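Reader: I would like to learn how to read a structure like this one, feature by feature. Could you take me through it?

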Amino acid sequence: MKTYLDRALKQRADYLAAQNRRGQSEILEVAARNKLLPVLNLQVGGGYSAIRPGVSAGDYLIAPFSNVRGPNITGGLTYTFPVGNHAARGVLEQDIAAVRQGDVHILQAAQGISQQLVVAVKGVRNAILRVRESRFEVDSSQASVDGAREKYRAGLGSVVEILQVEDVLNTALGDQVQAQLAYAQALTQLRFASGTLVAAHQATPAITHDALFTLPFDNLEPQTGAKDSTR
């Protein structure tokens, strides 16, 4: 069962979504913690000065070539240490709580999937056994009908006897149909519980033919050849 659960947790969309939400909350927590750290900023600036003011036209022409001091650069360091940053601490506490809540949701999702798998696997196995039993009943009833008809042809039986065994055969056929329906429903429930009814990460979700007619895991049949008996 652990193998089934491990595979289901890699495919169930609700479990994957819970993990994704938890990861997003963790990113927000890291960002909130960073806001409580000291900040050291380096500021650098550059420029060019020395244009000499003037009022005549000649001053405009010679300004770039007289009293030119050249380019300059400025810099500085700014250190900020948040003291009593209650707003940032409040945001951090909220993000921490969101991460913890995400952990709880992941655990709850895993537990729910595990319970669903246990019920679904048991349901499929019981359905397989029911189909086998119904197939045996049909075969036995058919043999009885054939025997009653042979007796009638040999003059040892009656029409009433044939009708009686045919009625038993019809009942067995009806039970077989119900058993096959129960198997189909159990298989669909198992596919859903294991996350294999609709594959995760599909751009357009779709249910394939195999998802409705084949078992998602190996070794689910009570005995060898159960797949053939459920068709």
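Reader: Which residues does R12 touch, not counting residues up to four places away in sequence?

Author: Gladly, and keep in mind throughout that this is a predicted model. To read the surroundings of a residue, leave out its sequence neighbours and see what remains. For R12, the residues touched are I113, Q116, F192, A193, S194 and G195. R12 itself lies in the loop between α1 and α2.

Reader: Is R12 buried or exposed?

Author: The general idea is to compare the relative accessible area with a cut-off, and buried means under 20%. R12 has a relative accessible area of 6%, so R12 is buried.

Reader: Let me step back, then. How many helices and strands does the protein chain have, and in what order do the elements run?

Author: Listing the elements from the N terminus gives you a map for everything else. The protein chain has seven helices and two strands. Their order from the N terminus is α-α-β-α-β-α-α-α-α.

Reader: What share of the 231 residues is buried?

Author: Buried residues account for 27% of the 231 residues in the protein chain. A companion number looks at contacts along the sequence. Taking contacts with a separation of 6 or more, 77% of them join residues 24 or more positions apart.

Reader: How should I read one helix on its own? Which residues of α1 are buried?

Author: Start from the helix geometry. An α-helix has 3.6 residues a turn, so residues three or four places apart point the same way. In α1, which spans residues 2–9, the buried residues are Y4, L5, A8 and L9. Because they cover an arc of only 130 degrees around the axis, they sit on the same side of α1.

Reader: Which exposed residues does the face turned away from that side carry?

Author: That face of α1 carries the exposed residues K2 and T3.

Reader: And what do the buried residues of α1 pack against?

Author: They pack against α2, α4 and α5, the last of these being residues 159–193.

Reader: Let's take one of those partners. At what angle do α1 and α4 pack?

Author: For a helix pair, read the angle, the distance between axes and the handedness together. α1 and α4 pack at about 125 degrees, and their axes are 10 Å apart. The two helices are therefore oblique to each other. The crossing of α1 past α4 is right-handed. On the α1 side the contact is made by Y4, L5, A8 and L9, and on the α4 side by A110, I113, S114, L117, V121 and R125. By residue type, this contact has eight nonpolar, one polar and one charged.

Reader: How do the axes of α2 and α4 cross?

Author: Apply the reading you just used. Helix α2 covers residues 13–34 and helix α4 covers residues 86–153; their axes come within 8 Å and cross at roughly 165 degrees. α2 and α4 are therefore roughly antiparallel to each other. Their crossing is left-handed. Among the residues making the contact are Y15, A18, R22 and L28 of α2, and V91, L92, V99 and I106 of α4. The residues of this contact divide into 13 nonpolar, three polar and seven charged.

Reader: Could you zoom in on I96? Which residues does I96 touch?

Author: Setting aside residues up to four places away in sequence, I96 touches E29 and R33. I96 is found in helix α4, and counts as buried because its relative accessibility is 14%. For a long-range view, look at C-alpha atoms: those of I96 and L28 are 8.8 Å apart, although the two residues are 68 residues apart along the chain.

Reader: Is L77 buried or exposed?

Author: L77 has 64% relative accessibility, so L77 counts as exposed. Its place is in strand β2, residues 70–80. Exposure can still go with contacts: L77 touches L40, N41 and L42, not counting residues up to four places away in sequence. The C-alpha atoms of L77 and V44 are separated by 8.9 Å, with their positions 33 residues apart along the chain.

Reader: One more, please. What is the relative accessible area of V168?

Author: V168 has a relative accessible area of 47%, which means V168 is partly exposed. V168 lies in helix α5. The C-alpha atoms of V168 and S144, 24 residues apart along the chain, are separated by 9.2 Å.

Notes: Residues numbered from 1 in each chain as written. Predicted model: local features only at pLDDT ≥ 70, side-chain atom pairs only at ≥ 80, totals over all residues. Heavy atoms only, no water. Axes fitted to C-alpha atoms, helices over the stretch in contact; angles between N-to-C directions. Helix = DSSP H or I, 4+ residues; strand = E, 2+ residues; numbered from the N terminus. Parallel < 35°, antiparallel > 145°, perpendicular 65-115°, else oblique. Left-handed = near helix turned anticlockwise from the far one by under 90°. Contact = heavy atoms within 4.5 Å. Nonpolar A, V, L, I, M, F, W, Y, C, P; charged D, E, K, R; others polar. Buried < 20%, exposed > 50% of the residue type's maximum accessible area, 1.4 Å probe, protein only. Arc of directions from axis to C-beta.
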